[in-house]
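Work through these exercises with the structure in view. Try each task before you read its solution.

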Amino acid sequence: MFSALRNAWQIPELRKKMLFTLLMFVVFRLGAHVPVPGINKEILEGMFQSDLFGWVDIISGGSFKSLTVFAMGIIPYINASIIVQLLTMVVPYFERLAKSGQEGRKKMAQIIRYGAVVLGLAQAIVMSVYLKSAMIYPGFFSIVVCTITLTAGTAFLMWIGELITDKGIGNGISLIIFAGIVSRLPAGVATVYQYVTSGEVSVIAVLIFLIIAVLMVAGVVAVHEGQRRIPVQYAKRVIGRKVYGGQSTHIPMKVNQAGVIPIIFAMAILTFPTVIAGLFSESSGVAMWINRVLSYQHPVYIITYAVMIFLFTYFYTAATFNTLDVADNMRKNGGFIPGLRPGRPTAEYLDKVLSRLTFSGATFLTLIALTPSIFMAATGMNLYFGGTSLLIAVGVALDTMKQIESHLLMRHYEGFMK
């Protein structure tokens, strides 16, 4: 690994990309410490006590609970991307864009940007109204300033992410989330140390936590890289004087086809009632009931969270992997799966394989997401860095390593992946 990093650093183009990415990380972390003007920090500290807000705070790199200009992070962009992808299933216009090649992808990226700004503005308005009691000078002008600041912060992060994608290394949006998660690790270590020194948690519990974390990392890597390869044979075709086809290849069907999107989607929906409850008085019975039920240790939360992850995994996988389109494209290009006729029989076979893989992927995502909740309920440790954060961090790290490896292999260097 260190040899590969040294080789990467020796390539001027790759070194420039890596330095640019690191510079954008510095800008991101500096912005994460610039507070929104006109907010009383003492009052603010008691307004984000719900457990679900802890996950949002991790994604934003600690900006959410301290209410900096990057408090909303890149979440509106993620939600806009999910919505646009889901619209490709039901709206013919978006379906045509998805199949229009490079130009269609550019148009969809532009729609996602506008959608992210609109969703960010709506979220900023709700947050600003919710934070009215924490404002030094509560009023319409302060709400407007807070709304504009939060929306501008999200738009700026979106711009930084696209800059990293164009001029840096890796996917910029994913790397911003990765940087936010990693930046919370020192605070998490300090929290564990406080638990141990105060006697709230035993050393054995911490060791068990470390063992579970290592096993989870190994599981995430195995499932992230796991795939079912469906063999495909292309028949020979003579066009003019050239012969096309005749080779064998495969369709890589990943175990976790949906990635971390089902967890993010389920978390976003479960966070919404908590935000709405915060708009009411703290003494309200309904608000108190919502905050109690939607806590990490409550059985209602655990069951609801698990069911939503399972359903969203199937739904998102069906939205992103259309077996009928895959089978049709194979038939048009003279491809077939050995032992199956092209067309509908191939699509039915792919759908059967995909359903089994999706069940395994959904089970894995559910276990990864619920393990921290179960561990916290058993030990009393209040740690927000859990399976979701681990899944995102490991996935982004692997994807970035593969991009660096591709640059190294093009120059005949040995990469990271063996």
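The exercises below concern a predicted model.

**Exercise 1. Classify the ring pair Phe 28 and Phe 70: is it stacked or tilted?**

Step 1. A pair of aromatic rings is described by the distance of the centres and the angle of the planes.

Step 2. The count for this model comes to 6 aromatic pairs. In the pair of Phe 28 and Phe 70, the centres are 6.1 Å apart and the planes meet at 20°. Centres within 6.5 Å make a pair, and planes under 30 degrees apart count as stacked. The pair is therefore stacked.

Step 3. Now place the rings. Phe 28 sits in helix α2 (residues 12–31), and Phe 70 in the loop between α5 (63–66) and α6 (75–90). They are 42 residues apart, so the pair links distant parts of the chain.

Step 4. Check burial. The cut-off for buried is under 20% relative accessible area. Phe 28 has 2%, so it counts as buried. Phe 70 has 4%, so it is buried as well.

**Exercise 2. Classify the ring pair Phe 156 and Trp 159: is it stacked or tilted?**

Step 1. The centres of Phe 156 and Trp 159 are 5.6 Å apart, with 45° between the planes. Under 30 degrees would be stacked and over 60 edge-to-face, so this pair is tilted.

Step 2. Both residues lie in helix α9 (residues 140–167). They are 3 residues apart, about one turn of the helix.

Step 3. Phe 156 has a relative accessible area of 32%, so it is partly exposed. Trp 159, at 48%, is partly exposed too.

Step 4. Put the two exercises together. Ring pairs link Phe 28, Phe 70, Phe 156 and Trp 159 into a cluster. Arg 29 lies over the face of Phe 28, at 5.6 Å from the ring centre.

**Exercise 3. What span should the 16 residues of α6 have at 1.5 Å a residue?**

Step 1. The expected span is 1.5 Å times one less than the number of residues. For α6 this gives 22 Å.

Step 2. The end C-alpha atoms of α6 are 23 Å apart, which agrees.

Step 3. Look at burial in α6. Its buried residues include Ile 75, Ile 82 and Leu 86.

**Exercise 4. Which residues line the second largest cavity?**

Step 1. The model has 2 cavities of 30 Å³ or more. The second largest holds about 40 Å³ of space.

Step 2. Its lining consists of Ile 82, Leu 86, Ile 261, Pro 262, Phe 265, Phe 312, Phe 315 and Tyr 316.

Step 3. Two or more of these residues come from each of α6, α13 (261–278) and α15 (299–320).

Step 4. Sort the lining by type: 8 nonpolar, no polar and no charged.

Terms used. Residues numbered from 1 in each chain as written. Predicted model: local features only at pLDDT ≥ 70, side-chain atom pairs only at ≥ 80, totals over all residues. Heavy atoms only, no water. Helix = DSSP H or I, 4+ residues; strand = E, 2+ residues; numbered from the N terminus. Buried < 20%, exposed > 50% of the residue type's maximum accessible area, 1.4 Å probe, protein only. Lys NZ or Arg CZ within 6 Å of the ring centre and 35° of its normal. 1 Å grid on protein atoms, 1.4 Å probe; cavity = no way out; pocket = protein on both sides within 12 Å on 5 of 7 lines; lining within 4 Å. Points joined across faces, edges and corners; volume = space filled by probe spheres on them. Nonpolar A, V, L, I, M, F, W, Y, C, P; charged D, E, K, R; others polar.
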